[in-house]
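Let's take a walk through this protein together. Have the sequence and the model side by side, and we'll start from one residue before stepping back to the whole.

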Amino acid sequence: LIVDDFLPFFDKEEEAIKAFEFFDKDNNGDISKREMRDRVLLIYKERRLLLNALSDMSQVVGKLDLFLTAFALVVIVIIALMVFGLDALKSLATMGTMFVAWSFVFGGTFKNIFECIIFLFQVHPYDVGDTVFLNTENLTVYKIRLLSTVFFKTDGTYTVYPNTVLATMKIQNLRRSNPQSESIIVSFSFDTPAERIYALRDRMNAYSEDNPREFISPNGFNIDLLENCNRIQVSVGINYKNNWQDGGKHFDCKTRFTFALRETIRDLGLKYSL
C-alpha cells in the first residue's frame, strides 16, 4: 500500500498521511502485508495492555482514596470537637497513649505508603505490559499494586517486588527506549588482509540496506583488539529499527543478521584458529 490508497477514506489529506505514517513503521514510503498485520496486532495488544493498566491504576487510586478518607475523618472529628466547644487538644491527650502505640505499629506502614505513592505517581517508571531490566534481570510488568508490583519472565515465572525496593533499584524500560543496538564479536587470523575485513563491513551494510524494515545502516564496525600478533578481534554492531520491547522480533532479527554474517565470513574466506 502507498499513501494514495488512504486518501479516499479521509476528508483531509493530512489525516490520511498521518494514518499512513502510523502503519508505515519503517518510514520507507510503502506498507507491506506483514507490516499491516503486525501493526493491527500491535494495536490490539496495546489496547489490552492499556485496559489492564487502567484497571490496576484504578485499584491503586481506590486504596489511596480509602487511606486519605480515613485521614480526613480524623481531621473532621477534631474540627467537630472544636465547633461544639470542646477542647480538642485535651480530648486528644486522653488518646495520646493509644496514638503512640499506633505510631509504633503503623508508622512504618504509613512511611511505605507515602514512598509508594511518590514512586507510582511521580516517578512512574513503567506501565502494565512494559518490558524492563531490573539490574540485569529481564522482566515484564504484569500487575501494579499500591505496595507491590508483579512481574513475569519468559519462562512463566511470576515475581513480586515491593515498590519500596523497586524505588531503590536501577530500572531500564525497553518500551520507552529509542531504537536499540548491540554488537557481535568475531575474531580473525592476524594475517587477514585489511581489504577482506573492509569487504565484510561493506557486505553487512548492504544487508542492512536491503532489510530497512528491521535494520538501520550503516552498522558499527570497529577493531577492538590486536592480540599478540595472533588474532584480530572485530566488533560488528547491529542497529535495529525498533527497541527490544517485542523480544521475539528482536531475537528473530538478530538470528537472521547473525546467519548473514556467518555466510559472508565464509564467502570471503575469513578464518581464525587457536
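In which helix is H250 found? The residue sits in helix 7, and keep in mind as you look that this is a predicted model. Is H250 buried or exposed? Its relative accessibility is 8%, so it counts as buried, the cut-off being under 20%. Leaving aside residues up to four places away in sequence, H250 touches E182, Y240 and W244.

One of those contacts, E182, takes us straight into a sheet: E182 stands opposite I238 in strand 8. Strand 6 and strand 8 (residues 231-239) pair in the antiparallel sense, and nine bridges hold that pairing. Helix 7, which covers residues 247-268, packs on this sheet and touches strand 6 and strand 8. The direction of helix 7 makes about 20° with that of strand 6.

Now for the sheet as a whole. It is an open one with three strands in the order 6-8-7, paired antiparallel. Strand 6 (181-189) and strand 7 (221-227) are the edge strands, each pairing on one side only. On average, neighbouring strands here are turned by 25° against each other, direction ignored. A second helix packs on the sheet too: helix 6 (residues 194-210) touches strand 6, strand 7 and strand 8, with its direction at about 150° to that of strand 7.

Follow the chain on from helix 6 and have a look at the loop that leads to strand 7, where P218 is found. The peptide bond from S217 to P218 is cis, with omega near 5°. That one is worth a second glance, because most peptide bonds are trans.

Next comes the other pairing in this sheet. Strand 7 and strand 8 run antiparallel and are joined by six bridges, and along the way I223 stands opposite V234 in strand 8. The two strands form a hairpin with three residues between them. What sign does phi have at N228? It is positive, about 50°, although N228 is not a glycine. Most residues other than glycine have a negative phi, so such a backbone angle deserves a look. N228 lies in the loop between strand 7 and strand 8, and at 68% relative accessibility it counts as exposed.

A similar backbone detail turns up earlier in the chain. H124 also isn't a glycine, and has a positive phi of about 45°. You'll find H124 in the loop between helix 4 (96-123) and strand 1 (131-134). With a relative accessible area of 25%, H124 is partly exposed.

Strand 1 brings us to another sheet. What is the strand order in the open sheet of five strands? It runs 4-3-2-1-5, with antiparallel pairing. Strand 4 (158-162) and strand 5 (171-173) stand at the edges with a single partner strand each, so one side of each has no neighbour in the sheet. Neighbouring strands in this sheet are turned by 40° against each other on average, direction ignored. Zoom in on strand 2 (residues 137-144) and strand 3 (residues 148-152): they pair antiparallel over four bridges. Within strand 3, T149 is the bridge partner of I144.

Let's go back towards the start of the chain. UniProt, in an unreviewed entry, places the feature "domain: EF-hand" at residues 11-46. In the model, that span is 69% helix and 0% strand, and its end C-alpha atoms lie 27 Å apart. I43 has its place in helix 2 (residues 33-83). Not counting residues up to four places away in sequence, I43 touches F22 and F23. At 39% relative accessibility, I43 counts as partly exposed.

Finally, zoom out. The protein has seven helices and eight strands. How does its radius of gyration compare with that of a compact globule of 274 residues? Such a globule would come out near 19 Å, but the protein has 29 Å. Along its principal axes the C-alpha trace spans about 95 × 65 × 30 Å. Buried residues make up 31% of the 274. The accessible surface comes to about 17,700 Å², with 61% of it belonging to carbon and sulfur atoms. Among contacts with a separation of 6 or more, 58% involve residues 24 or more positions apart.

Terms used
Residues numbered from 1 in each chain as written. Predicted model: local features only at pLDDT ≥ 70, side-chain atom pairs only at ≥ 80, totals over all residues. Heavy atoms only, no water. Pairing = 2+ DSSP bridges. Axes fitted to C-alpha atoms, helices over the stretch in contact; angles between N-to-C directions. UniProt positions renumbered as here; feature names shortened; annotations may be inferred. Contact = heavy atoms within 4.5 Å. Rg over C-alpha atoms; globule rule 2.2 N^0.38 Å. Buried < 20%, exposed > 50% of the residue type's maximum accessible area, 1.4 Å probe, protein only. Areas by Shrake-Rupley, 256 points an atom, 1.4 Å probe, with all protein chains shown as cover.
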